[in-house]
Structures are given as structure tokens and as C-alpha cells.
Amino acid sequence: EVVLSEVYAPVDGVVEEVRVQHGVLRAGFRTLDPARTQGLQVDHLFTAEAYRPLPVGQFVNVKVPVYSVAHAFRVGSRPRLEINTPGGDAALWYFD
């Protein structure tokens, strides 16, 4: 899982953050689709034939897609890019 968020400048010592976009990929489905992958646009094949188990004890390059988004970052804020294992470790998001 890859998460792009905006961390706002502190106000009265409180720092807030908003999730902008995220991407998730099961590493076994890391085979790129050559017909739909170009430059920064990454798409994968999700067929049984394209599935490749992760090799034991080795590092593997995995390209996780994070699709385009229209988001204006505020002056004084910072972008944060997190690379996580998916599984409920994201903050709880709620609205007033």
C-alpha cells in the first residue's frame, strides 16, 4: 500500500493530515500490462497466468499504481508518502 497525504502546517500546536490518494497491489500480481503501462501510468495484469509468487529471501521491485488526483496543496503544508503493508493500520477518518 502506498499513501499520499497532505500534512498541514501546525495551528496552535496541532498538526492535521488529509489523505489525498492511495494505491494497493498484491505483490504476486506485479506483472505490468505493456498495453496500458506508459511512463508514470502503471497498470498490471490480474490473470492466473500473470501471477508470480514472491521468491523467499529476495527483494523484489514492485510498482504500486497511484492514480492521478486533482488536489491543491496548501501553502506551508507538506506532502507525505507512506509505503506500508495493507491491513488496517490507516487512521480512522471521520467527518464532523
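Start by selecting R80, which counts as partly exposed at 34% relative accessibility. The model on the screen is a predicted one. R80 is in strand β3, and the tour returns to R80 after a look at the whole chain.

**The whole chain**

Show the chain as a cartoon. There are three strands and zero helices, so the pattern read along the sequence is β-β-β. Now colour by burial. Of the 96 residues in the chain, 22% are buried. The exposed surface of the chain comes to about 7,600 Å², and carbon and sulfur atoms supply 58% of that area. Next, turn to contacts between residues at least 6 apart in sequence: 55% of them join residues at least 24 apart.

**The sheet**

Select β1 (2-7) and β2 (17-23), then add β3 (residues 78-83). In which order do the strands lie in the sheet? The order is β2-β1-β3, in an open sheet with antiparallel pairing. β2 and β3 stand at the edges, and each has a single partner strand, so one side of each lacks a neighbour in the sheet. From one strand to the next, the twist averages 25 degrees.

What holds paired strands together in general? Strands of a sheet pair through backbone hydrogen bonds, in a parallel or an antiparallel way.

Look at the two pairings in turn. β1 and β2 are antiparallel and pair over six bridges. To see one position in this pairing, select V3, which stands opposite H22 in β2. β1 and β3 also run antiparallel, and six bridges join them. Here, select E6 and find its bridge partner in β3, which is P79.

Stay on β3 for a moment. How many of its six residues are buried? The count is zero, and the strand is hardly covered.

**From β2 across to β3**

Select V18 in strand β2. V18 counts as partly exposed, because its relative accessibility is 24% and the partly exposed class runs between 20% and 50%. Now measure from the C-alpha atom of V18 to that of R80: the separation is 9.8 Å, although the two residues are 62 apart along the chain.

Next, select E17 and R80 together. They form a salt bridge, with the closest N and O atoms 2.9 Å apart. This pair links distant parts of the chain, since E17 is in strand β2 and R80 is in strand β3, 63 residues apart. E17 has a relative accessible area of 28% and is partly exposed. R80, the starting point of the tour, is partly exposed as well, at 34%.

**The start of the chain**

The salt bridges come to four in total. Another of them joins E1 and R19, whose closest N and O atoms are 3.8 Å apart. This pair too links distant parts of the chain: E1 is in the segment before β1, R19 is in strand β2, and 18 residues separate them. Is E1 buried or exposed? E1 is buried, with a relative accessible area of 14%. R19 counts as partly exposed at 28% relative accessibility.

**The loop between β1 and β2**

Move to D12, which lies in the loop between β1 and β2. Phi of D12 is near 55 degrees, a positive value in a residue other than glycine. D12 has a relative accessible area of 78%, so D12 is classed as exposed, the cut-off being over 50%.

**The loop between β2 and β3**

For the last stop, select D33 in the loop between β2 and β3. D33 counts as buried because its relative accessibility is 11%, under the 20% cut-off. Which residues does D33 touch, leaving aside its neighbours within four places in sequence? D33 is in contact with D43, H44 and L45.

Add R36 to the selection. R36 and D33 form a salt bridge, the closest N and O atoms being 2.9 Å apart. The side chains of D33 and R36 also make a polar contact, listed at 2.9 Å. R36 is partly exposed, with a relative accessible area of 45%, whereas D33 is buried.

How values were computed. Residues numbered from 1 in each chain as written. Predicted model: local features only at pLDDT ≥ 70, side-chain atom pairs only at ≥ 80, totals over all residues. Heavy atoms only, no water. Helix = DSSP H or I, 4+ residues; strand = E, 2+ residues; numbered from the N terminus. Buried < 20%, exposed > 50% of the residue type's maximum accessible area, 1.4 Å probe, protein only. Pairing = 2+ DSSP bridges. Axes fitted to C-alpha atoms, helices over the stretch in contact; angles between N-to-C directions. Salt bridge = Lys/Arg side-chain N within 4 Å of Asp/Glu carboxyl O. Polar contact = N/O pair within 3.5 Å; in protein donor to acceptor, adjacent residues only side chain to side chain. Contact = heavy atoms within 4.5 Å. Areas by Shrake-Rupley, 256 points an atom, 1.4 Å probe, with all protein chains shown as cover.
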